[in-house]
Amino acid sequence: MLTKKTILIVDDSRTDRALYRHYIEHDSENKYQFLEAESIEDGLLMWRSRQPDVLLIDLRLVDGSGMQILKTMQQEIYDEQQEKILQNNIFKNVIRKNDDYVGVIPKLPVIVITGSDHVRDAVDAMQAGAFDYLIKSEVTQSSLLQSIRNLYAYLVLNEQLEQSQKRELIVSRIALKVRQNLILNDICQAIAIEVRQFLQANRTVIYKFNADQTRKIIAESVIEPVS
């Protein structure tokens, strides 16, 4: 069963939005549901509230440049990443600059589709985080679907790399705890804490099983209740 993916189309042309939907609906590999917006304000509102998988954005909108959406998304993702770094220190793809952490933000799930064929607009859009840049007069069903599929492949790979980084980090933390402790119960307790934090679980427990299949808890980590 195919999982529906959500695409937000931000374009003030009803005709163009209908054309993109028509092209995308002919994708035999995936199923989609669509959200539509005509302005920067509505586009950002839907992105924040509905969390679409992919955004198709025109640069010429009724209330300004679609570039503002990209820059706002980039800033909010950066702020969210900074918060995660401060709370969990789980990202490896950060650098230190002037004693401040600067996150390396991945490409945004955005494909710019615009009538502008100016090279400067394309460069600015890519620098603002857009994954791809298509010119309206040159867009075909094949080119649009291929761009969307490439974006999904990138997002899947990026998620896999992030999960791999998290696994490496927890293994490193556990290895450090093991080197610092020679007492089995202390090692298990350290592992229980690290695993709970990594899985973001409420509780993790490590049992010791005896030969007669009886068991006892030798380590436990429980999230502190919110006061």
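## Exercises on a predicted model

The side chains of Glu36 and Arg17 form a salt bridge, with 2.6 Å from N to O (a salt bridge is a side-chain nitrogen of Lys or Arg within 4 Å of a carboxyl oxygen of Asp or Glu). The model is predicted, so local features need pLDDT of at least 70 and side-chain atom pairs count only at pLDDT 80 or more, while totals for chains, interfaces and linings use all residues. Residues are numbered from 1 along each chain as its sequence is written, and side-chain values use heavy atoms, with hydrogens and water left out.

**Exercise 1. Place the two ends of the Glu36 and Arg17 salt bridge and state whether each is buried or exposed.**

Step 1. Glu36 is in strand β2 and Arg17 in helix α1 (residues 14-25), 19 residues apart, and the pair links distant parts of the chain. Helices (H or I, at least four residues) and strands (E, at least two) are DSSP runs, numbered from the N terminus.

Step 2. Use these classes: buried is under 20% relative accessible area, exposed is over 50%, and partly exposed is in between (1.4 Å probe, protein chains only).

Step 3. Arg17 has a relative accessible area of 5% and is buried, whereas Glu36, with 27%, is partly exposed.

**Exercise 2. Find which parts of the chain the Glu29 and Arg149 salt bridge ties together.**

Step 1. The side chains of these residues, Glu29 and Arg149, meet at 3.8 Å, N to O.

Step 2. Glu29 lies in the loop between α1 and β2 and Arg149 in helix α5 (residues 141-180), so the pair ties together parts that are 120 residues apart in sequence.

Step 3. Both ends are partly exposed: Glu29 has 47% relative accessibility and Arg149 has 26%.

**Exercise 3. Place the salt bridge of Glu220 and Arg203, then give the total for the whole structure.**

Step 1. The closest N and O atoms of Glu220 and Arg203 are 2.4 Å apart.

Step 2. Glu220 belongs to strand β11 (residues 215-222) and Arg203 to strand β10, 17 residues apart.

Step 3. Glu220 is partly exposed at 31%, and Arg203 is partly exposed at 47%.

Step 4. The whole structure holds 12 salt bridges. A network of salt bridges links Asp11, Asp16, Asp58 and Lys136.

**Exercise 4. Which residues of helix α2 are buried, and how are they arranged?**

Step 1. In helix α2 (residues 40-50), the buried residues are Ile40, Gly43, Leu44 and Trp47.

Step 2. Down the axis of α2 these residues fall within an arc of 95°, so they line one face of the helix. The arc is that of the directions from the helix axis to the C-beta atoms.

Step 3. An α-helix has 3.6 residues a turn, so residues three or four places apart point the same way.

Step 4. The face turned away from the buried side carries the exposed residues Glu41, Leu45, Ser49 and Arg50. Gln51 follows α2 and has a positive phi, near 50°.

**Exercise 5. Describe the order and the edges of the open sheet of 5 strands.**

Step 1. The order is β2-β1-β3-β8-β9, with parallel pairing (two strands pair if DSSP finds at least two bridges between them).

Step 2. At the edges are β2 (31-37) and β9 (132-135), each of which pairs on one side only.

Step 3. Inspect one pair: strand β1 (residues 4-10) and strand β3 (residues 54-57) are parallel over 4 bridges. Leu8 has Leu55 in β3 as its bridge partner.
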